[in-house]
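User: I'd like to go through the aromatic rings in this model with you. Could you take my questions one by one?

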Amino acid sequence: MTPLMILLLIAGYFGILVLISYFTGKEDTNDAFFKANKSAPWYVVAFGMIGASLSGVTFISVPGWVEGASFSYMQVVFGYLIGYFIIAYVLMPIYYKLNVTSIYEYLLQRFGSVSHKTGAFFFFISRVLGASFRLFLVAIVLQQFVFNAWNIPFEVTVILSILLIWIYTFKGGIKTIVWTDTLQTLFMLVAVGLSIYFINDKLGWSFNEFLSSEELKSYNQMIFTDSFLEKNHFIKSFIGGLFIAVCMTGLDQDMMQKNLTCRSLKDAQKNMVSFSLVLVVVNFIFLLLGALLFIYAEKFNIATPLMDGKPKTDLLFPEIALNSGLGITVAITFMLGLVAAAYSSADSALTSLTTSYCVDFLDIDKKPSNTQKTLRKRVHIGMSLLLVVVIIIFKHVLDRNVIDSLLTVAGYTYGPLLGLFAFGIFTKYPIKDNYVWIVTLVSVIITALIANIPPEYLNGYKVGYELLPINGLLTFIGLVLIRRK
């Protein structure tokens, strides 16, 4: 598939998204942008959230994870499942009862303005980094397989990617995204299904023969309980996954903003439960695809692509889909799936960052009504520029598997949110609001120190994704120390 064909395919895809935004963005109001007028069907939201949750990170990085970690990621996914039920039946009732636009308004009502701004700040950092991770992935694929052929710099690739998102979200916001996410999820799942089918066909297998093959057995270990000291032990991964789901979905304005577009709490809960069950199956299919990619690469002597001189397993899927002779159907569906997966999370991230900044930091509801729409649009542009800068920085500093990096960063940025919401929900104490930012800062610093303790000082224990609950616990303890009687 030539670079020009890929570019034309992407242009056609974005043409469809712009068309959707034309119909959904006719009502250019802040209520439609922030809440979709609370009129989105729950089943549409649920299906679209699959793509937003998986994103380009899952589409590319989870298959790349398989080589070094087998199917251990499923241990984290099982934790996700329990976390989503906690979101549906503990957090959602609170958000719907308070009728919030930004979920961090809960902290304002429970503790005060400093807690509100502190929670929104940690979300802001979390989502900027998370969205940048996801967009970085699609940008390096486009660079590797399209723009390098024309000697176009990586920086230009990033700017074009963000510009395309801005074009179809600047009017409709979350109302547009609820519907574009549905289309993007469909493209992504079709791409994975067809890739599995055609790779198996090339190997001379049926799907059942692949599942029972000896080659798969070298990759498909799912549960690891040999040593609690290891980072991928089941208990550590499961608990980490549970807290990651609660924090990265339930305490994240990006993901919850979609749920808050549902007509009622009952609809939102149906959305969350159905979405969580489907997500387990979909993640398992992605791991099967990962194993299949490495089996195929070994059989046909396909080397892992290099990036800056180093092997990058995140690029194996695009290398096989585009350059290994699987045919034009796989190449087209892969590119559509990749772009859909990446942008289904990035577009909602851009919208949620705009929402949070307007509501939590600028108090947009208190501004003169004739300036609110203009202010929102200026913030939307500013958030776009910020993502461009962060993604370009990642190009020079990121040297790990992207999903591993994403989950590690979550331990630092979502931990304070976990502690704040847990203290607010499970205790009745007021706190000395002015000291909250100090508590969260100290918690992050201590967590960073714990994460960097050499394993030999801990009898070989390797700290993993349990950093998130540790960080949350430290924040909780700090809030106990500054509580009022």
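User: Is Phe207 buried, partly exposed or exposed?
Analyst: This is a predicted model, where local features need pLDDT of at least 70, side-chain atom pairs count only at pLDDT 80 or more, and totals for chains, interfaces and linings use all residues. Residues are numbered from 1 along each chain as its sequence is written, and side-chain values use heavy atoms, with hydrogens and water left out. Buried means under 20% relative accessible area, exposed over 50%, and partly exposed in between, using a 1.4 Å probe and protein chains only. Phe207 has 39% relative accessibility, so call it partly exposed.

User: And Phe210, buried or exposed?
Analyst: Phe210 shares helix H9 (residues 207-211) with Phe207, three residues along, about one turn of the helix. Helices here are DSSP runs (H or I, at least four residues; strands are E, at least two), numbered from the N terminus. With a relative accessible area of 0%, Phe210 is buried.

User: How many aromatic pairs does a search of the whole structure find?
Analyst: Rings of Phe, Tyr and Trp (its six-membered ring) pair if their centres lie within 6.5 Å; planes under 30 degrees apart are stacked, over 60 edge-to-face, and the rest tilted. On that basis, the count for the whole structure is 25.

User: What kind of aromatic pair do Phe207 and Phe210 form?
Analyst: Their ring centres are 6.2 Å apart. The planes make an angle of 50°, and the pair is tilted.

User: How many residues apart in sequence are the parts that Phe228 and Tyr461 tie together?
Analyst: These two rings also make a tilted pair, 5.9 Å centre to centre with 45° between the planes. Phe228 sits in the loop between helix H10 (214-217) and helix H11 (234-250), and Tyr461 in the loop between helix H19 (436-451) and helix H20 (467-481), so the parts they tie together have a sequence separation of 233 residues.

User: Which residue lies over the face of Tyr461?
Analyst: A charge sits over a ring if NZ of Lys or CZ of Arg is within 6 Å of the ring centre and within 35 degrees of the ring normal. One charged end sits over the ring of Phe228, 5.6 Å from its centre, and belongs to Lys236. Over the face of Tyr461, at 3.9 Å from the ring centre, you again find Lys236.

User: Which residues join Tyr95 in one aromatic cluster?
Analyst: The cluster mixes Tyr and Phe rings. Alongside Tyr95, its members are Tyr104, Tyr106, Phe123 and Phe421.
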